[in-house]
Amino acid sequence: MSINATLIGQMITFALLVWFTMKYVWPPLFDSLEERKKKIADGLAAAEKGQEEMQLAEKKAKSVLKEAKEQSSEIVNLAQKRANEIVEESKEIAKKEGERMIQAAQAQIEQEMQQAKEGLRQEVAALAVSVAEQILNAEVDKAKHQDIISKVSNQLG
């Protein structure tokens with residue numbers, strides 16, 4: 001193996017290339033690789049943090065959903081209770097209204113009965129007056145009076 005100027009020149013060129021590469025190419029390349037490594041690590045950490053936050057959010061969502069179901073159940077129960085109260089109030093009002101209508105009907109029947117009795121009393125009085133007039137105007141004859149009385153009796157009955 002002979003060492004000549006070409007080999008020395010190549011060695012110097014190679015050394016310069018190594019020096020130039022180590023001085024100007026590798027640092028930005030390593031910085032870029034470090035930066036990329038850091039970004040990937042940050043991304044993985046963010047992904048893990050995101051998963052943890054997602055799990056927390058799911059737990060919170062389940063908790064909120066459970067609370068909402070409980071509230072809706074409570075609201076439904078209150079609505080049913082209020083509906084039952086309204087039904088009971090309506091029944092009570094209807095019962096009172098029915099009783100009031102029965103009392104009004106009974107009062108009206110009583111009033112009509114009184115009017116009928118009064119009308120009947122007036123008719124009887126008119127018939128009695130009519131019978132008395134006929135008796136007083138006719139001759140005193142027992143058979144004839146009996147005939148008039150039977151006519152009036154038939155009119156009444």
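1. A helix here is a DSSP run of H or I that spans at least four residues, with the helices numbered from the N terminus. In that sense Ala128 belongs to helix α1. The model under review is a predicted one, and the points below should be read with that in mind.

2. On the overall fold, the protein chain contains two helices and zero strands. Helix α1 covers residues 5-137. Taken along the principal axes, the C-alpha atoms of the protein chain fill a box of roughly 195 × 25 × 20 Å. The radius of gyration of the protein chain is 61 Å, whereas a compact globule of 157 residues would have a value near 15 Å.

3. On burial and surface, buried residues account for 4% of the 157 residues in the protein chain. The area exposed by the protein chain is about 14200 Å², and carbon and sulfur atoms supply 60% of that area.

4. On charge, the protein chain carries 22 positive and 25 negative side chains, and the centres of these two sets are 9 Å apart.

5. The aromatic residues deserve a closer look, as the structure holds three aromatic pairs. One of them joins Trp19 and Tyr24, whose rings are 6.0 Å apart centre to centre with 90° between the planes, an edge-to-face arrangement. Another joins Phe20 and Tyr24, and because the ring centres are 5.3 Å apart and the planes stand at 45°, this pair is classed as tilted; the class of tilted pairs takes the angles that are neither under 30 degrees nor over 60. Through ring pairs, Trp19, Phe20 and Tyr24 are linked into a cluster.

6. The placing of two of these rings along the helix can be stated as well. Phe20 and Tyr24 are four residues apart in helix α1, so about one helical turn separates them. Phe20 has a relative accessibility of 43% and therefore counts as partly exposed, and Tyr24, with a relative accessibility of 47%, also counts as partly exposed. The class of partly exposed residues lies between the 20% limit for buried and the 50% limit for exposed.

7. Thr21 is likewise a residue of helix α1, but its relative accessibility is 17%, so Thr21 counts as buried, given that buried means under 20%. When residues up to four places away in sequence are not counted, Thr21 touches Trp26 and Pro27.

8. Separations along the chain may be set beside separations in space, starting with Ser32, which is found in helix α1 and counts as partly exposed because its relative accessibility is 42%. Ser32 and Glu112 are 80 residues apart along the chain, and their C-alpha atoms are separated by 113 Å.

9. Glu99 also lies in helix α1, and its relative accessibility of 41% is why Glu99 counts as partly exposed. From Glu99 to Arg121 there are 22 residues in sequence and 32 Å in space, C-alpha to C-alpha.

10. What distance separates the C-alpha atoms of Ala128 and Val152, 24 residues apart along the chain? For this pair the separation is 8.4 Å. Ala128 has a relative accessibility of 43% and so counts as partly exposed. I would suggest that the text set this pair beside Glu99 and Arg121, which lie 32 Å apart in space.

Terms used:
Residues numbered from 1 in each chain as written. Predicted model: local features only at pLDDT ≥ 70, side-chain atom pairs only at ≥ 80, totals over all residues. Heavy atoms only, no water. Phe/Tyr/Trp six-rings, centres within 6.5 Å; stacked < 30°, edge-to-face > 60°. Buried < 20%, exposed > 50% of the residue type's maximum accessible area, 1.4 Å probe, protein only. Contact = heavy atoms within 4.5 Å. Rg over C-alpha atoms; globule rule 2.2 N^0.38 Å. Areas by Shrake-Rupley, 256 points an atom, 1.4 Å probe, with all protein chains shown as cover. Lys, Arg positive; Asp, Glu negative; His and termini not counted. Charge placed at Lys NZ, Arg CZ, Asp CG, Glu CD.
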